[in-house]
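Welcome! Have a look at the sequence and the 3D structure here before reading on.

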Amino acid sequence: MKKTISGIRGIFGEDLNLKDVLEFCNNFSSLVQSGKCVIGKDTRPTGHMIKDTASAALMKNGIDVFNLETVPTPVVFREARKYGAGIVVSSSHNPIEWNGMKFIIEGRGINEKELPQIIENQEIKSSKIGTEQDISSSYIEDARKIIGDLENQPEIAVDIGGGAAKGFAPELLESIGCKVQVINENLQGCTRGPDPTADNLDDLVSASSQKEIGFAFDLDGDRLVVVRNGKKQTPDVTLGLGVAKSLELGYKSFVLSIDTSVSVEKFIKENGGTVQRTKVGEANVIEQMIKDNAQAGGEGSSGGFILPEFNYCREGILTSGLISSMLGTAKFNEVLNFMESYFQIRDKTAIDAQFHDKVIDDVHSKLSKEYSEVNTLDGVKGIIDENSWVLIRKSNTEDIIRVSAESNDEEKCKKIVKDTIELVNQSYEQVR
């Protein structure tokens, strides 16, 4: 079972059981100051059991539950702003046998200070039992107000991936004026896995070949991957296009994770914006956004564009509409060509977790001699030149160390990753 600020996750029936759900939701109740909590789930078969159990734990503690049923994660975040708290029953892009819960306070995911309160047992006394009622969301209408109506009626293919974006992504795109073809609408018979960033998306590549663009969502609808001209784009391109649209809307202050493409930062600065970098992780980006009152940004590795005025989470569905509004313009092609000229590789190597810190320290010492600039905000990031970098980070949940790199030269990028993995493995041999 994984217990992080991104949520509680595990294989249902093995790592995660209903007893765990009761315990964590009971503890979460201590953070709910409003006495109200919205709850929604993705399309995993175990979702109903977990949602009903979570609702029972909240109501036992006097909290009124507002049930959204099957909705994308961004919809729960949006409604949680109104009610004060929320729970998403999902394990995001993990395999189908996994499930979990993401906890929301005041419209944002929990932070490092709040996580222990959910994990450690809380004794909660309540004099009443909470109520439960079904609600619907104004998400599509709210998103449409930001995007506006499109005049050119672009043709778009949408790959739902059998997830919760069904009933939301196609409807939003149609409401702003797009012509939409939907594939993989239901989980049964879906031809791909829950994570579009890891899948080849062959069906979407085929379906979008005669259309302006293709969009693929993960199971809970917060991740978005773009397919254009028969090619699956990197997650950084999704973020880059969202950033380009927000610059067009007049936004200037951005927050990006440390592993986001340098092309996105360059584009922001060339268009008069400012950039702050954070540790990897959606929650870290959002925490910095709130602190700096930043207007937009996100995390390149997960294709996660975030627009704080609308939602404190990755916004796959809103982003699909924002990108659609740029189709057919010179700006869209300019942005896409610029972002496509950079190459990112994200790899990993097996390293026993007990040696992670020693290996990272040794790698830091070696890279400091090799590169003029080394950043230790999150792991070790070596700046090779203005277009190239490498990032070495330990995993908090697996016996691996991650190596990410980028360059505007594909062969150079491959060599950076190969050489760095060799360096990490050499350090491992030395410190063991």
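The sections below visit a few helices, single residues, pockets and cavities.

## About the model

This is a predicted model, in which local features need pLDDT of at least 70, side-chain atom pairs count only at pLDDT 80 or more, and totals for chains, interfaces and linings use all residues. Residues are numbered from 1 along each chain as its sequence is written, and side-chain values use heavy atoms, with hydrogens and water left out.

## Two helices of 14 residues

Let us begin with helices. Helices (H or I, at least four residues) and strands (E, at least two) are DSSP runs, numbered from the N terminus. The expected span of a helix is 1.5 Å times one less than its number of residues.

Helix α2 covers residues 47–60. Its 14 residues should span 20 Å at 1.5 Å a residue, and the end C-alpha atoms are indeed 20 Å apart. Which residues of α2 are buried? With buried meaning under 20% relative accessible area, exposed over 50% and partly exposed in between (1.4 Å probe, protein chains only), they are G47, I50, K51, T53, A54, S55, A57, L58 and M59. These buried residues pack against α1 (18–28), β3 (36–41), β4 (64–70), β5 (85–89), β6 and β8 (132–134). After α2 comes G62, with a positive phi near 85 degrees.

Helix α8 (residues 235–248) also has its own span to check: 14 residues reach 20 Å from the first C-alpha to the last, close to the 20 Å expected at 1.5 Å a residue. How many residues of α8 are buried? The count is 13 of 14, so the helix is mostly covered. G250 follows α8, and its phi is positive, near 100 degrees.

## Two residues and their contacts

T278 belongs to strand β15 (residues 274–278). Its relative accessibility is 4%, which counts as buried. Contact means heavy atoms within 4.5 Å. Leaving aside neighbours within four places in sequence, T278 is in contact with V255, L256, S257, I258, N284, V285, Q288 and L377.

N425 sits in helix α14 (residues 410–431). Is N425 buried, partly exposed or exposed? With a relative accessible area of 27%, N425 is partly exposed. Outside its neighbours within four places in sequence, N425 is in contact with T349 and I351. N425 and I351 are 74 residues apart in sequence, while their C-alpha atoms are 7.9 Å apart in space.

## Cysteines

A disulfide is a covalent bond between the sulfur atoms of two cysteines. The rule used here asks for a pair of cysteine sulfur atoms within 2.5 Å, and the count comes to 0 disulfides. Why does C25 have no bond to C37? The sulfur of C37 is the closest cysteine sulfur to that of C25, but at 8.1 Å it is too far for a bond. C25 is buried, with a relative accessible area of 0%, and C413 is buried with a relative accessible area of 0%.

## A pocket

Pockets and cavities are found on a 1 Å grid over the protein atoms alone: a cavity is a set of points where a 1.4 Å probe fits but cannot get out, a pocket is an open set with protein on both sides within 12 Å along at least five of seven lines, and lining residues have an atom within 4 Å of a point. Grid points are joined across faces, edges and corners, and a volume is the space filled by probe spheres set on the points.

The second largest pocket holds about 260 Å³ of space. Its lining has 13 residues, and V262, E265, R277, K381 and I383 lie nearest the centre. At least two lining residues come from each of α9 (262–270), β19 (373–375), β20 (380–385) and β21 (388–394), with β20 giving the most, 3 residues. Ala, Val, Leu, Ile, Met, Phe, Trp, Tyr, Cys and Pro count as nonpolar, Asp, Glu, Lys and Arg as charged, and the others, Gly among them, as polar. On that basis the lining has 4 nonpolar, 3 polar and 6 charged residues.

## Two cavities

There are 2 cavities of 30 Å³ or more. The largest cavity has about 80 Å³ of space and is lined by I5, S6, F77, K102, G109, E282, A283, I286 and Y312. Helix α10 (residues 282–292) gives the most to this lining, with 3 residues. The lining of the largest cavity has 5 nonpolar, 2 polar and 2 charged residues.

The second largest cavity has about 50 Å³ of space. Its lining residues include S6, K102 and D220. Two or more of the lining residues come from each of β2 (7–11) and β6 (98–105). By class, the lining of the second largest cavity has 2 nonpolar, 6 polar and 3 charged residues.
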